[in-house]
Amino acid sequence: MSKVFLTRRERFNAAHRMFHEGWTDDENMQVYGKCSNPNWHGHNYNLFVTVKGSVKPDIGYVVNLKTISKIINENVIDKLDHKNINIEVDFMKDVIPSAENLAIAIWEQLEPHIIALGVELHCVKIEETENNYVEYFGINDEI
Ligand code: NI
């Protein structure tokens with residue numbers, strides 16, 4: 001049966017500081033630039049979650065987007081929005097709060113709930129600024 005990709009966007013605002021514990025502020029500044037500001041800074045993030053599945057003939061949907069939105073909000077957005085990623089987000093504990101690490105962690109939060117709907121999780125995309133985004137396609141995409 002034909003598979004269709006379906007994407008939901010959700011947004012959140014969060015603070016973070018990019019830094020490596022063992023480095024001085026100067027060393028962190030060299031690697032992370034302004035993102036290493038010791039007094040934190042924030043981003044307006046866009047999160048795109050893409051699922052893949054067959055169109056259900058009876059309803060014409062792959063899956064109801066309201067259901068996807070609820071899963072994303074309950075498991076990810078509610079934990080990240082208006083929070084400090086370095087210190088307040090359980091699934092980002094002990095991880096450098098880059099968009100890359102966020103994408104992987106968000107995938108891990110969402111995947112079991114998406115699979116339970118009978119569709120596949122295909123991609124987690126995060127835009128940290130309008131010029132930068134990362135995409136994660138899951139462990140099966142790794143070579
Ligand atoms: Ni930043």
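**Notebook: a sheet, two helices and a nickel site**

I began with helix α2, residues 65–80, and found that it lies across β1 (3–16), β2 (41–54) and β3, running at about 25 degrees to β1. A reminder to myself: this is a predicted model.

**Entry 1, the other helix.** Next I looked up helix α4, which spans residues 99–115. Helix α4 lies across β1, β2, β4 and β5, and its direction makes an angle of about 150 degrees with β4.

**Entry 2, the sheet.** In what order do the five strands sit in the sheet? I read the order as β3-β1-β2-β4-β5, in an open sheet with mixed pairing. The edge strands are β3 (83–84) and β5, as each of them pairs on one side only. I also noted a general point: strands of a sheet pair through backbone hydrogen bonds, either parallel or antiparallel.

**Entry 3, β4 and β5.** I then followed strand β4 (residues 120–129) into strand β5 (residues 132–136). The two pair in the antiparallel sense, over five bridges. A hairpin of two residues joins β4 to β5. For one facing pair, I found E127 opposite Y133 in β5.

**Entry 4, the nickel ion.** Which protein atoms hold the nickel ion as donors? I listed H16 (NE2), C35 (SG), H41 (NE2) and H43 (NE2), at 2.0 to 2.2 Å from the ion. Along the chain, these donors follow the spacing H-x18-C-x5-H-x1-H. I checked burial as well: C35 and H41 are both buried.

What is the geometry of the site? The angles among the four donor atoms run from 91 to 130 degrees, and the site is tetrahedral. The cut-off I needed is that four donors count as tetrahedral if all angles lie between 85 and 135 degrees. For reference, the ideal angle for four tetrahedral donors is 109.5 degrees.

**Entry 5, two positive phi values.** Most residues other than glycine have a negative phi, so I made a note of two that do not.

- W40 has a positive phi of about 70 degrees, though it is not a glycine. I found W40 in the loop between α1 (25–32) and β2. Is W40 buried, partly exposed or exposed? W40 counts as partly exposed because its relative accessibility is 32%.
- H82 also has a positive phi, near 60 degrees, and is a residue other than glycine. H82 sits in the loop between α2 and β3. Its relative accessibility is 62%, so H82 counts as exposed.

Conventions. Residues numbered from 1 in each chain as written. Predicted model: local features only at pLDDT ≥ 70, side-chain atom pairs only at ≥ 80, totals over all residues. Heavy atoms only, no water. Pairing = 2+ DSSP bridges. Helix = DSSP H or I, 4+ residues; strand = E, 2+ residues; numbered from the N terminus. Contact = heavy atoms within 4.5 Å. Axes fitted to C-alpha atoms, helices over the stretch in contact; angles between N-to-C directions. Donors = N, O, S within 2.8 Å, 3.2 Å for Na, K, Ca; no water. Tetrahedral: all angles 85-135°; square planar, octahedral: opposite > 155°, others 65-115°. Buried < 20%, exposed > 50% of the residue type's maximum accessible area, 1.4 Å probe, protein only.
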